[in-house]
Amino acid sequence: MGKATGFLEVDRKDRTYDSPAERLKHYREFVIPHDAAGLQGQASRCMNCGIPYCHNGCPVNNQIPDWNHLVYENDWREALDNLHSTNNFPEFTGRICPAPCEAACTLNIVDQPVTIKSIECAIVDKGWKEGWIEPQVPAKKTGKSVAVVGSGPAGLACAQQLARAGHSVTVFEKSDRVGGLLRYGIPDFKLEKHVINRRMVQMEAEGVQFRTSVEVGVTVSVASLKENFDAIVMAGGAEDPRPLDIPGFELPGVRFAMEFLTQQNKRNAGDDEIRAAPRGSLLATGKHVVVIGGGDTGSDCVGTSNRQGALSVTQLEIMPRPPEKEEKALSWPNWPLKLRTSSSHEEGCEREFAVLTKRAVGENDVTGLECVRVEWVNGKMQEVPGSEFTLKADLILLAMGFLVPRKQGLLEQAGVELDPRGNVKGNVVDYKTSVENVFACGDMRRGQSLVVWAIREGRQCARSVDEALMGVSELPR
């Protein structure tokens, strides 16, 4: 596999970035990819493991050692075919996946995993550049029709697989553009939207119809879909954000992260301010910004705030500061708990850990945020006496994750059973809900998760739908 001694001879070298001073001037992607020779060297480090744990770490079960070897052998076309056999959209995961495969890499035991994510992205980007990625139009149609509700990664993956199986697929998206969280939740500097658009063009050529600005349960009823389609797939995501239940939560300057991020993505897409911000412009320009939540969405708020010209940005996390390095003997090959510093953090941000918010200060609008430091004892949080402090804040962005799918409209009309957490109940064997010919996949079924998990569920759900409609399916699990 690759070069037998590659991992001994070549050090890990990942993609680099433009300098913070340069990339803060725009909203474009700023990753500097390897050249071909550099990628071959990195691919040569794949060490022919007896058991490739990267398979276990990858939710879509990418055949990582295989396409690493093909890149090393300079067989890029075959590498692309192999990559697409398990992942409909490697250009998405190659940009925004946290790469649990690299955490599971055997070389990660010594902190030098193969640059799997970079190689994956390079393979598919080369495929687009060379014109190798073309529509896969089915040889014949089945006569069956499927409605897919939601055009995020789960809905797109499911729709593409079903269209390639010969079904007539219509994707319903309540927003004005296709992509779901990819379109309006991920900043352009992490995922430029032409990356989504070119897949849309491919899928339309394969027979998928997209109906945007159509909210199922509002614009069109679930009953109507049942009458006109043989099956319905609910892939709407988990959209209810976790609220902040403190005094002052109702102040105008306390807003949810997704509204903030969506507005900027709409501006980048060319929308005027009325379309981009129907509730009024939400900007960090000239403000002291506090981001509550230490995850990826919080990090995206940091990067966007700095690009808008915030005076200061502080990110709060209620959990203790993680260790700089994980204890490999305890964590590998699982996803480890360790401090992760994103490119947005490097652009300018104060990070505070083990902090509990108490009250948003202000009368007509927010002016500050009262906080207290906490310590965790036997898994329980305790406030530290005398540690109270107040942060200056003109804008507070809530990025504390998402809870469940919205119940109004779609779920109420569908009448599907929910699990104890409030997600649509359905297993990973057949993805069926409690209602006949209605399926669910992605975050709407599993709860808030990763794009790569959504793609996996969309693909597997497509097979189950195909099998239910046709009695047998040749689509992959």
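# A hairpin, an open sheet and some enclosed spaces

β12 and β13 make a hairpin with two residues between them, and Asn378, in that turn, has a positive phi of about 55 degrees. Keep in mind that this is a predicted model. Besides the hairpin, there's an open sheet of five strands, a count of two cavities of 30 Å³ or more, and a cis peptide bond from Trp332 to Pro333. Here's the rundown, topic by topic.

**The hairpin**

- The two arms are strand β12, residues 366-377, and strand β13, residues 380-383, and they pair in the antiparallel sense.
- Four bridges hold that pairing on the list, and in one part of it Trp376 has Met381 in β13 as its bridge partner.

**The open sheet**

- Reading across the sheet, the strand order goes β7-β15-β8-β9-β10, and the pairing is parallel.
- β7 (254-256) and β10 sit at the edges with a single partner strand each, so one side of each has no neighbour in the sheet.
- Going from one strand to the next, the twist averages 20 degrees.
- What sense does the pairing of β9 and β10 take, and over how many bridges? These strands pair in the parallel sense, over four bridges.
- If you want a spot to look at there, Thr314 stands opposite Glu350 in β10.

**Helices lying across the sheet**

- Helix α14, residues 257-268, lies across β7 and β15 (395-398). Its direction is at about 70 degrees to β7.
- Helix α16, residues 296-308, lies across β8 (288-292), β9 and β15. This helix runs at about 175 degrees to β9.

**The largest cavity**

- Its volume is about 90 Å³.
- Which residues of the lining are closest to the centre of the largest cavity? Out of 14 lining residues, they are Cys58, Asn62, Cys97, Cys101 and Glu120.
- Three helices, α5 (64-72), α8 (100-104) and α9 (116-130), each put at least two residues into the lining of the largest cavity.
- α9 gives the most to that lining, with three residues.
- By class, the lining of the largest cavity splits into 10 nonpolar, two polar and two charged residues.

**The second largest cavity**

- This one has a volume of about 40 Å³.
- Gly294, Gln315, Leu316, Glu317, Arg351, Glu352 and Phe353 line it.
- The elements giving two or more residues to the lining of the second largest cavity are β9 (312-317) and β10 (350-353). That ties this cavity back to the sheet, where β9 and β10 are paired strands.
- The lining of the second largest cavity comes out as two nonpolar, two polar and three charged residues.

**The second largest pocket**

- The volume of the second largest pocket is about 370 Å³.
- Of the 14 residues lining the second largest pocket, Arg164, Ala165, Asp466, Glu474 and Leu475 are the closest to its centre.
- α10 (153-164) and α21 (451-470) each supply at least two residues of the lining of the second largest pocket.
- The lining of the second largest pocket is a mix of five nonpolar, four polar and five charged residues.

**Backbone oddities**

- The peptide bond from Trp332 to Pro333 is cis, with omega near 5 degrees. You'll find Pro333 in the loop between α17 (328-331) and α18 (343-346).
- Asn48 isn't a glycine, yet its phi is positive, near 55 degrees. Asn48 is in the loop between α3 (36-43) and α4 (53-57).
- Is Asn48 buried or exposed? Asn48 counts as exposed because its relative accessibility is 51%, and the cut-off for exposed is over 50%.
- Ala354 is another non-glycine residue with a positive phi, about 55 degrees. Its place is in the loop between β10 and β11 (355-362).
- Ala354 has a relative accessible area of 14%, so it counts as buried; the cut-off there is under 20%.

Definitions and conventions:
Residues are numbered from 1 along each chain as its sequence is written. This is a predicted model: local features need pLDDT of at least 70, side-chain atom pairs count only at pLDDT 80 or more; totals for chains, interfaces and linings use all residues. Side-chain values use heavy atoms; hydrogens and water are left out. On a 1 Å grid over the protein atoms alone, a cavity is a set of points where a 1.4 Å probe fits but cannot get out, and a pocket is an open set with protein on both sides within 12 Å along at least five of seven lines; lining residues have an atom within 4 Å of a point. Grid points are joined across faces, edges and corners, and a volume is the space filled by probe spheres set on the points. Ala, Val, Leu, Ile, Met, Phe, Trp, Tyr, Cys and Pro count as nonpolar, Asp, Glu, Lys and Arg as charged, and the others, Gly among them, as polar. Two strands pair if DSSP finds at least two bridges between them. Axes are lines fitted to C-alpha atoms, for helices over the stretch in contact, and angles run from 0 to 180 degrees between N-to-C directions. Contact means heavy atoms within 4.5 Å. Buried means under 20% relative accessible area, exposed over 50%, partly exposed in between (1.4 Å probe, protein chains only).
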